[in-house]
Amino acid sequence: MKRIAVLGSTGSIGTQALEIINGREDLSAVGLAVGSNWQEAVVEARGCGAGFIAVRDENAAREAAEAFDGVVLSGEAAARELIGACEPDLLLNGVVGAAGLGPTIAALTAGIDVALANKESLVVGGDLVTELAKATGAKLLPVDSEHSAIFQLLSGEAPEAVDRIVLTASGGPFRGRTDLSGITVEEALDHPTWAMGGRITIDSATLMNKGFEMIEAHLLFDMPYERISVVVHPQSIVHSLIDLKDGSTLAHLGYPDMRVPIGYALGYPARLDLPIERLDLAGVGSLDFEEPDPETFRCLGLAREAGGKGGISPCVLNAADEVAVAAFLDGRIEFTGIAEVIEKALDDVGSGPARDFRELFAVDEAARERSEELVQGLEDS
Ligand code: MG
């Protein structure tokens, strides 16, 4: 029996993970963590038999404690404490945002494998996180569709046989446009192939999501940036590719369905039997590929630059993006303002090495403050 703690259990990744876990005898969910959505978490915990719930919001946690028979943890550190309380074999981290880094550190420190859907754990934590995993022997199992694809493609290949990683990008709802001015929130939230949460959908529309994924790929697979490329593939059938030194290119294909990468990480190293529609290539007909347009989608270049600098830069990139995307969703800035805020924040906060996690958390805070000022500057102009 593999005992799993699910962070972000009421989100898109969390609910799909629980659906897989609840359908199997060999997997069980022992702890759940949410931000404030306690009612749904209690229903989930009753359904899967989990004895522990972590609720970040203190008021929501009080309500949960009255309704739930098991243990309820509360406060900022609740998700982190959940790991010590329920001692899972695997942590599925589906938290959105930099708040996901703390639980990843806690699990890896305890030698617990992490199924990682929280991008910030790598984008913000950088090689401090991958080095921690190496030191304790805990595994980082990617849940993102692209990284899961690459992880699967690389298994069985010697590292020196791999020439290049190719990440596919759907291109988002504005693929083909060369002018991004006047875009509304509704337009930006309308993703053509993947149904996801608000922030990641906007990140997909700006291509920042792909930028974060380059940084994650660099860290997860120890691949230099010049050997990571991005190709736009609007159908999202090819989830990523690797080029090998003998001229072979391997690709991972399937309909866009997050249950595949979630299931792979939950079952690893075994493959689960999942009720997923099998790919009918003749039905798909044709697959298209094109170069990304970094002049229009500036976030891609900003991410590559920040990734190349390393140290605190990806942390600043992420913090600025979180603030800017929230401001766009609130109608405070234009869609094009997102890249503007990020570019200026990167300049203003500067770059340098990241010596420890405490330093990263301080940089994260400073970058958020500066980004908020930049948002206000755009609002006033
Ligand atoms: Mg992805």
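**Exercise 1. How many aromatic pairs does the rule give?**

Before counting, keep in mind that this is a predicted model, where local features need pLDDT of at least 70, side-chain atom pairs count only at pLDDT 80 or more, and totals for chains, interfaces and linings use all residues. Residues are numbered from 1 along each chain as its sequence is written, and side-chain values use heavy atoms, with hydrogens and water left out.

- Step 1: get the rule straight. Rings of Phe, Tyr and Trp (its six-membered ring) pair if their centres lie within 6.5 Å; planes under 30 degrees apart are stacked, over 60 edge-to-face, and the rest tilted.
- Step 2: apply it, and you get 5 aromatic pairs.
- Step 3: take one of them. Tyrosine 264 and tyrosine 268 have ring centres 6.0 Å apart and planes at 65°, so they sit edge-to-face.
- Step 4: look for company. Phe151 joins Tyr264 and Tyr268 in one aromatic cluster.
- Step 5: check burial (buried is under 20% relative accessible area, exposed over 50%, partly exposed in between, with a 1.4 Å probe and protein chains only). Tyrosine 264 is at 11% relative accessibility, so it counts as buried, while tyrosine 268, at 24%, counts as partly exposed.

**Exercise 2. Find the protein donors of the magnesium ion.**

- Step 1: set the cut-off. Donors are N, O and S atoms within 2.8 Å of the metal (3.2 Å for Na, K and Ca); water is not among the atoms, so sites may look incomplete.
- Step 2: list the hits. Asp144 (OD), Glu146 (OE) and Glu213 (OE) lie 2.1 to 2.3 Å from the ion.
- Step 3: read off the sequence spacing, which is D-x1-E-x66-E.
- Step 4: place the two glutamates. Helices (H or I, at least four residues) and strands (E, at least two) are DSSP runs numbered from the N terminus. Glutamate 146 is in helix 8 and glutamate 213 in helix 11, 67 residues apart.
- Step 5: check burial again; both glutamates, 146 and 213, are buried.

**Exercise 3. Which residue forms a salt bridge with glutamate 146?**

- Step 1: use the criterion, a side-chain nitrogen of Lys or Arg within 4 Å of a carboxyl oxygen of Asp or Glu. That yields 23 salt bridges.
- Step 2: pick out the partner. Lysine 210 has its closest N–O contact with glutamate 146 at 2.7 Å.
- Step 3: locate both ends. Glutamate 146 is in helix 8 and lysine 210 in helix 11, so the bridge ties together parts 64 residues apart in sequence.
- Step 4: finish with burial: glutamate 146 and lysine 210 are both buried.
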